[in-house]
Amino acid sequence: MIYLSTSVSIDKEEINNLKNIFVEYLMKKKKVVATLTESELHRIIRNEVMRYLKEEEEIDKEAEKEFGDALAASMGDITSTLGKVPGEIEKVEADKEKAADVLKKEPELAKLATEAVRRRKRALKEGRKKEALNELGPLFFVGIAMAIPALMQIVGKMTKTISQKMGGTGEAGEKIAHVGHHMHEKMVQMIRKGIDAALGKWKRYNQLDDATKNKIAEGIQMLIVASLAVSSGAGAVDALNKGGHALAGIEGALTAVKAGEIKGFLIDLIKTTLG
């Protein structure tokens, strides 16, 4: 039995929510689940239950609705900004010199491209043809280098739209700090859907698996939330780092936004996801 430090009443829907939270946690930590002891398992469940209960107490339903409406209004920013990128990428892909010039300007992505070529050659040499075919080639990283400026613009445009739709008083970050995690998950899903629609015509983007596409969408979401928090002040930033609404991984995005290093954050995201 798992004991909580407070007496609570949990209905059937909340029980299902808690089950989903724990299943999601196990999926994220699946590499270490087999090594968990019973006491560790109990501790994890207890902590997740307490986090959920604390979050439920802090949720501002009015802010959630306002955020949801603002988020929906900002989706057009993805299409308008990223929609032309696939066509631009295709033109550069057809010109080897231009493609090489693009990578020269992004040495970190050039390193990833070089390593991808090495992996492909090694796989072919060892008879792993299927693995070699699935390897991302240099032109993929050329396309990513061309897409990054548009992704940076998306962060700026969506941040501005959401802020304006939530009153335009610089309080959007403070309000978002009091919405539930399910709203942040919804935001990731909507961003992923928008990016998929915009980049779907670029065949090399479609080589990526769902997990990789989700990580890219999560990175964009983190940057937008961090941008809204920073523009709202220290209170919103603290709220995102602490309490029931703390977002895992937000620290890196906050640091990048404060330092004006959004491009570096995105390149690091690509490196850690694909490197």
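How much space lies in the largest cavity? I started my notebook with that one, and the result is about 90 Å³. A reminder to myself: this is a predicted model.

**Entry 1: the cavity**

I looked up how many cavities of 30 Å³ or more the structure holds, and there is one. As I understand the general idea, rolling a probe the size of a water molecule over the atoms shows where empty space is left.

Next I wanted to know which residues line the largest cavity. I wrote down I144, A147, I148 and L151, then I195 and L199, then Y205 and I216, and finally L266, L269 and I270.

Which helix gives the largest share of that lining? I found that α9 does, with four residues. I also noted that α9 (138-165), α11 (181-199) and α15 (262-274) each supply at least two residues of the lining.

Then I sorted the lining by type. I got eleven nonpolar residues, no polar ones and no charged ones.

**Entry 2: α9 against α12**

I stayed with α9 and turned to its packing. Two packed helices are described by the angle between their axes and the distance between the axes, so I looked up both.

For α9 and helix α12 (residues 210-232), the angle is about 45° and the axes are 9 Å apart. An angle like that is neither under 35 degrees nor in the range 65 to 115, so I put α9 and α12 down as oblique to each other. The crossing of α9 past α12 is right-handed.

Which residues make this contact? On the α9 side I listed L151, I154, V155, M158, T159, I162 and S163. On the α12 side I listed I220, L223, I224, S227 and L228. By type, the contact residues are nine nonpolar, three polar and no charged.

I spotted L151 twice: it lines the largest cavity, and it is also part of the contact of α9 with α12.

**Entry 3: α12 against α14**

Last, I followed α12 to helix α14 (residues 250-259). Their axes come within 8 Å and cross at roughly 60°. That makes α12 oblique to α14. I noted that this crossing is right-handed.

From α12 I jotted down M222, L223, V225, A226, S227, A229 and V230. They meet I250, A253, L254, A256, V257 and K258 in α14. Sorting this contact gave me eleven nonpolar residues, one polar and one charged.

I also saw L223 and S227 of α12 turn up in the contact with α9 and again in the contact with α14.

Key. Residues numbered from 1 in each chain as written. Predicted model: local features only at pLDDT ≥ 70, side-chain atom pairs only at ≥ 80, totals over all residues. Heavy atoms only, no water. 1 Å grid on protein atoms, 1.4 Å probe; cavity = no way out; pocket = protein on both sides within 12 Å on 5 of 7 lines; lining within 4 Å. Points joined across faces, edges and corners; volume = space filled by probe spheres on them. Nonpolar A, V, L, I, M, F, W, Y, C, P; charged D, E, K, R; others polar. Axes fitted to C-alpha atoms, helices over the stretch in contact; angles between N-to-C directions. Parallel < 35°, antiparallel > 145°, perpendicular 65-115°, else oblique. Left-handed = near helix turned anticlockwise from the far one by under 90°. Contact = heavy atoms within 4.5 Å.
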